[in-house]
Protein chains: 2
Amino acid sequence: MTRQGGYNLPEGVNAVRFSSKAVTRVAAGRVIGLSNEKKSAEQISKVSCSNCSVRALCLPAGLTAQDIDRLEQITRKKTVIKAGDQLFRAGDKFTSLYAIRSGSFKSVVIAADGSAQVTHFALPGELLGLDAYSTQAHPSYAEALENSSVCELPFAQLETLAQQVPGLQKQIFNLFSEELRQEKDVVMLLGKRSAEARLAALLINISERYTRRGYSATEFNLTMPRIDIANYLGLTAETVSRLISRFQKQELIKVQGRAITLLDKPGLATLAGVSCSD
Amino acid sequence: MTRQGGYNLPEGVNAVRFSSKAVTRVAAGRVIGLSNEKKSAEQISKVSCSNCSVRALCLPAGLTAQDIDRLEQITRKKTVIKAGDQLFRAGDKFTSLYAIRSGSFKSVVIAADGSAQVTHFALPGELLGLDAYSTQAHPSYAEALENSSVCELPFAQLETLAQQVPGLQKQIFNLFSEELRQEKDVVMLLGKRSAEARLAALLINISERYTRRGYSATEFNLTMPRIDIANYLGLTAETVSRLISRFQKQELIKVQGRAITLLDKPGLATLAGVSCSD
DNA sequence: CGTAAGGTTGAAAGCTATCAAGCGCCGTGG
DNA sequence: CCACGGCGCTTGATAGCTTTCAACCTTACG
């Protein structure tokens, strides 16, 4: 299941985080524990939101220390989900939400005719599984694009706690709403007619999302293979590859396998037909 | 602002509702009050969920009579939003959710380059505005596609009530989740490469949604103009028109202006690459 | 160092956008 | 009441873009 060949150059590019004052380097590839590969991916350990890099975007945002403590008590941490492993499968009963601590995932829906479609790329600080509440079953499966780590939040307990902690209810609404807003962005992205505009929009979108998480806005890994990008954008892998080459010739981006540098973000934003932060 | 020319044949097709046992006819076109055109669209009157046709899909679903009563007290009903009028504008401060009692709306986002994009079609029983919570501002504007009526739900009060009524919190989560699941359907719809598959998928999608609301699964009005369908699907109006003609020649559908009859839903589903209920 | 999977590049075919013309319905105004 | 004008819709021909098919290259891993 793990990827075997292909391009996969500089591991850990996305791990370069910029705090507000100092520049700190964290080798995420090592942090998530490549050393214990023999252990199960279902391995569970204690949760500590206070030292989590995505706490500002995650459920504890806006909660008091005391409420965070109650949240931690119902949370289970899965240390490692290996690249290619599935966090949950399509049709699985909905029991928990999963908050991404590190790494990235793709959500894939299998259509009735058997064709697979990538519907979402999930980054650190985002929740997986929100769309399963209404039907109590996961409509898609979630597969790790790289070695990742998540927190499991049993929803029944989360719901009860939200009833007692107003700030938590607010934050759940907030994350639901934020994901809806993002889906609207995706619809806009896919609504763009030209392949060029779609890919440019995706690059800007991922850049913005990494920026919010404190990563570099211009240097990051496209952790997903070209074919997943293509599937997600409603294109073919060949078209995506050609576009990436063209963008590189036009000096809009610099590419080395899956590592990408945005050289001209405003230029890309113009192609995408969106505004950007610089 | 109201549409002036063009096709707009049998008004009220969507108003043909089928209850589980008896077939009842309700002329919605008349119900929503074409007689008081002089009055403002902002007109407000009392809310009564108990006689609302979409209560099973709306916020009161699963609540006790007593809790519904508390919900009604914070709800304001806007009797009529005329076709072409906007319920809220892009950038408006988020204060309320809007539940659609009757009619239909389109959500439109204006991109940075000025281009408009239809991101959603909303039908009775659905909520508008959920995506505005996280930013506290509406990312899109909502325009009535026909004369419609909505309930306004001030969110601050709704939030407070949800804290006291567990069933209401559950139902809000439910509606958030349901909308997320639907957006995933949209992404799948747009991810289809061929124009044929996209349009077929849209027809199936709207049919399923009307079915859930008790309307006919095979006969309904496409209340939106071709150009909006095209924009939504990432196509042109000409392509949509050609496809509709082709589907008609293939005896998949029967079309009369905006009134549409699905003659071969399984056939459409095959084209769309999805399963369908019959 | 060989193999397999991911990725890149090229040429031809197919599909959709674009441009253009014409039709039908509706509301308006004479 | 009827003619006019506008808008939405339909249909046709052409150009352009993306897919498809195919070959080849690159990288990681055994």
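**View 1. The largest nonpolar core of this predicted model.** This core counts 80 residues. If you want the residues with the most contacts inside it, look for Leu203(A), Ile253(A) and Leu268(A), along with Leu203(B), Ile253(B) and Leu268(B). Elsewhere sits a second, separate core, this one with 56 residues. Leu71(A) and Cys151(A) belong to that second core, and so do Leu63(B) and Phe94(B), so both chains show up there too.

**View 2. Zooming in on Leu203(A) and what it touches.** Leaving out neighbours within four places in sequence, Leu203(A) is in contact with two other residues named above as having the most contacts in the largest core, Ile253(A) and Leu268(A). Phenylalanines join in as well: Phe220(A) and Phe247(A) are in contact with Leu203(A). The rest of its list is Leu222(A), Ile260(A) and Leu262(A).

**View 3. Helix H8 of chain A, residues 265-272.** Leu268(A) turns up again here, as one of the buried residues of H8(A). The others are Lys265(A), Gly267(A), Ala269(A) and Ala272(A), so a lysine is on the buried list as well. What do the buried residues of H8(A) pack against? Two helices of chain A, H5 (195-212) and H7 (237-249), plus two strands, S13 (253-256) and S14 (259-262).

**View 4. The two ends of H8(A).** At the start of the helix, Asp264(A) puts a side-chain oxygen within 2.9 Å of the backbone nitrogen of Gly267(A). After the helix comes Gly273(A), with a positive phi near 75°.

**View 5. Where chain B meets chain A.** Each chain brings 49 residues to the contact. About 4,400 Å² is buried between them, with 61% of that coming from carbon and sulfur atoms. Of the area that chain B buries against chain A, Phe173(B), Leu180(B) and Lys184(B) supply 16%, more than any other three residues.

**View 6. Polar and charged pairs across the interface.** Four salt bridges are found between chain B and chain A. One to zoom in on joins the side chains of Lys184(B) and Asp131(A), at 2.9 Å from N to O. There are also 27 residue pairs in polar contact across the interface. On chain B, strands S7 (105-110) and S8 (116-122) and helices H3 (155-164) and H4 (166-191) each supply at least two residues of the side that touches chain A. H4(B) gives the most, with 19 residues. Sorted by class, this side of chain B has 21 nonpolar, 16 polar and twelve charged residues.

Terms used:
Residues are numbered from 1 along each chain as its sequence is written. Chains are lettered from A and ligands numbered from 1 in the order in which they are written. This is a predicted model: local features need pLDDT of at least 70, side-chain atom pairs count only at pLDDT 80 or more; totals for chains, interfaces and linings use all residues. Side-chain values use heavy atoms; hydrogens and water are left out. Contact means heavy atoms within 4.5 Å. Buried area is the accessible area (1.4 Å probe) that two parts lose on being put together, summed over both. A polar contact is a pair of N or O atoms within 3.5 Å; within protein, one must be able to donate a hydrogen and the other to accept it, and residues adjacent in sequence count only if both atoms are side-chain atoms. Helices (H or I, at least four residues) and strands (E, at least two) are DSSP runs, numbered from the N terminus. Ala, Val, Leu, Ile, Met, Phe, Trp, Tyr, Cys and Pro count as nonpolar, Asp, Glu, Lys and Arg as charged, and the others, Gly among them, as polar. A nonpolar core is a set of buried Ala, Val, Leu, Ile, Met, Phe, Trp, Tyr and Cys residues joined through side-chain atoms within 4.5 Å. Buried means under 20% relative accessible area, exposed over 50%, partly exposed in between (1.4 Å probe, protein chains only).
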